[in-house]
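Here are some exercises on reading helices in a protein model. Try each task yourself before you follow the solution.

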Amino acid sequence: MKAALAVALLLGSVALADIAKPPPAETPPPAEQPAPPPAPAPAAKHPEGVEKAYAGVIQGGWEYVYAAYGLGTAGVLAYAVSLFVRRPKKSAA
Amino acid sequence: MKRPSLLGAAWLVLKKDWQIEWRTRARLTAIIFFSLATLLLFSFAMGPDIVTLRAHAPGYLWLGLLFASVLSLGESFRVEAENQALTGLVLTPVEPRAIFIGKVLGNASLLFVLSLVLLPVAVALYDVDLGRDPLSLVLVLFLGCVGISAPGTVYSAISANARARDVMLPLLLFPVLVPLLLAAVSATKFTLQPDPQEQLGSWLKLLTAFDLIYLSVGFLLFPKVAEED
Amino acid sequence: MTPILPLVVLALVVAAIVGHVAVPAVRPWAWKAVGALGAAMLVSLWYFGLYWAPPEQFMSDVGRILYVHVPHVWMALLAFTLNVGCAVAYLMKKSWVTDALAESAAEVGVYFGAVGVMMGSIWARPTWGVWWDWDPRLISTTVMLLAYVGYLALRSFTEDPERRATWSAAAAILSYVSLPIVWFSVRWWNSLHQVQSNPSTVDKPMVAVLRWGAVTMLCFLFVFIVKRYEIARSRQTAAMELPPLEAPRAEVA
């Protein structure tokens with residue numbers, strides 16, 4: 001039974017591994033983006049997500065950056081407070 | 001009494017479920033009418049544009065099946081929980097794994113029958129073309145029903161005894177079923193509509209992988225879960 | 001990022017948490033020290049991320065969200081991995097310690113995941129022009145989050161502690177198994193592929209700041225899990241009518 005199970009798991013993962021291969025380009029890649037005018041960067045050196053933003057360099061957006069950093073800090077504080085509120089009573093410890 | 005083999009015991013559990021179901025046919029009737037209503041509601045929500053409806057028919061079909069499956073899976077262990085029948089079943093010299101296999105097959109067969117009933121309804125409501133690749137379509141429906149039942153059986157055994165069980169089952173089950181829904185809807189789409197890039201095979205593979213993985217994991221986990229019932 | 005590095009970090013975090021749980025002498029001060037370090041690093045992360053790091057090539061300043069967003073998602077993954085490890089350990093050998101640790105890891109993971117997804121959404125707005133996008137990572141993280149919210153709900157809806165422990169362990173394993181499948185299926189379903197970024201495609205200072213952010217969040221992860229674990233343990237002992245397990249033995253904590 002163990003062996004059958006192992007085979008089943010193996011088959012499953014093999015099928016998945018097969019699937020995991022990037023499929024043949026189904027849609028033509030979104031029309032080759034014109035190189036952004038300001039910096040004709042040859043090597044694609046950019047973090048995730050930027051591939052979709054081929055309209056050149058994004059200007060500004062600082063409010064989003066501050067929102068994200070603020071959210072991170074506020075989250076840490078809020079979760080710390082929630083842990084403090086739920087702290088175990090001394091007698092129980 | 002001779003101890004039945006794993007598959008023999010699974011068959012006994014399956015037969016028992018079928019017998020209970022056949023005696024009243026209440027569960028099947030209920031979920032058939034429930035999903036009929038769901039499919040009808042989808043067409044009301046989307047408006048009478050037949051082109052849109054036809055394009056989205058696979059999605060509606062699988063959502064209808066998914067919603068019905070929650071009702072049907074919930075019922076599957078509620079029957080057992082009512083008179084502590086599952087405890088009795090676990091105490092019999094039957095491996096809990098056999099109960100798992102039997103229950104998965106029981107739930108899957110019920111859903112499969114439901115899906116076959118829904119096909120003509122989909123033709124009537126959404127004007128889909130079933131004649132393009134009927135064999136693959138039936139295969140997709142079967143694999144999808146097994147895929148819903150495999151994790152669903154474990155989760156329904158868990159939630160049958162939890163508080164707020166009607167909320168618990170979908171809350172636990174739906175996130176896990178996301179890949180199944182994607183694969184089943186895409187595969188169904190390519191059996192009903194032209195498939196120029198031959199993507200059907202790969203979606204079928206994903207469905208099979210999903211089924212095998214969840215059957216194995218459920219097979220391993222179910223005895224632990226049933227112990228606590 | 002070499003594939004081995006997350007595992008090493010996970011092992012370190014586990015070792016630190018186990019040490020904190022097992023050694024009573026460090027319990028009063030260790031978490032404070034790590035928390036203070038985390039707070040200091042968070043303040044300097046503001047400086048490094050917002051000022052010191054160069055603007056990103058295409059996204060310019062918006063790219064700075066990377067330094068807080070990605071560490072959050074990493075921490076969520078780390079916490080969920082810890083959670084599933086505890087779930088497997090619990091099913092193999094019942095223990096209230098692994099149960100409590102699984103609970104705390106799941107809750108902290110949901111916290112980091114939720115903040116990470118919100119940051120991703122904030123980031124998506126200026127870069128893609130929408131608040132939401134069918135990006136495989138965004139969807140997988142969200143589905144993962146939903147699965148673990150279900151896990152926490154199951155825990156709070158089950159009264160019997162032993163049932164809760166077993167059932168939630170099973171639910172945790174089923175949810176965790178779904179992660180790679182969700183990832184593949186969504187990526188595949190949405191044929192707009194994106195290259196996974198890793199340090200080799202990102203500039204050196206950016207990697208440094210990203211790692212700085214990761215270590216910052218790692219400090220908070222440690223403190224949160226350790227403190228949440230204490231709450232879970234005290235709730236267990238407060239319940240008092242804990243049924244005896246198969247082999248009653250001296251508790252670790």
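**Exercise 1. Find the helix that holds R78(B), then list its contacts from farther along the sequence.**

Step 1. R78(B) sits in helix α3 (residues 50-82) of chain B. Helices here are DSSP runs of H or I with at least four residues, numbered from the N terminus.

Step 2. Contact means heavy atoms within 4.5 Å. If neighbours within four places in sequence are set aside, R78(B) touches A160(B), R165(B) and D166(B).

Step 3. Take R165(B) from that list: R78(B) and R165(B) are 87 residues apart in sequence, yet their C-alpha atoms are 9.8 Å apart in space.

A word on the ground rules: this is a predicted model, in which local features need pLDDT of at least 70, side-chain atom pairs count only at pLDDT 80 or more, and totals for chains, interfaces and linings use all residues. Residues are numbered from 1 along each chain as its sequence is written, chains are lettered from A and ligands numbered from 1 in the order in which they are written, and side-chain values use heavy atoms, leaving out hydrogens and water.

**Exercise 2. Describe how α5(B) and α6(B) cross.**

Step 1. Two packed helices are described by the angle between their axes and the distance between the axes. Axes are lines fitted to C-alpha atoms, for helices over the stretch in contact, and angles run from 0 to 180 degrees between N-to-C directions.

Step 2. The axes of helix α5 (residues 96-126) of chain B and α6(B) cross at roughly 140° and come within 8 Å.

Step 3. α5(B) and α6(B) are therefore oblique to each other. For angles, under 35 degrees counts as roughly parallel, over 145 as roughly antiparallel, 65 to 115 as roughly perpendicular, and the rest as oblique.

Step 4. The crossing of α5(B) past α6(B) is right-handed; that is, the near helix is turned clockwise from the far one by less than a right angle, while anticlockwise would be left-handed.

Step 5. Sorted by class, this contact of α5(B) with α6(B) has 16 nonpolar, 4 polar and 1 charged residues. Ala, Val, Leu, Ile, Met, Phe, Trp, Tyr, Cys and Pro count as nonpolar, Asp, Glu, Lys and Arg as charged, and the others, Gly among them, as polar.

**Exercise 3. What span is expected for α5(B), and where does α5(B) bend?**

Step 1. The expected span is 1.5 Å times one less than the number of residues. For the 31 residues of α5(B), 45 Å is expected, and the helix reaches 42 Å from its first C-alpha to its last.

Step 2. A bend of about 30° falls at P120(B) in α5(B); the bend is the angle between axes fitted to the seven residues ending there and the seven starting there.

Step 3. Just past α5(B), D127(B) has a positive phi of about 55°.

**Exercise 4. How do helix α6 of chain B and helix α6 of chain C pack?**

Step 1. α6(B) (residues 134-159) and α6(C) (residues 161-189) pack at about 155°, with axes 10 Å apart. That makes α6(B) roughly antiparallel to α6(C).

Step 2. Their crossing is left-handed.

Step 3. On the α6(B) side the contact uses V154(B), Y155(B) and I158(B), which meet residues of α6(C) including W167(C) and L174(C). The contact of α6(B) with α6(C) has 7 nonpolar, 1 polar and no charged residues.

Step 4. α6(C) bends by about 30° at L179(C), with the proline P180(C) following within four residues.

Key. Helices (H or I, at least four residues) and strands (E, at least two) are DSSP runs, numbered from the N terminus.
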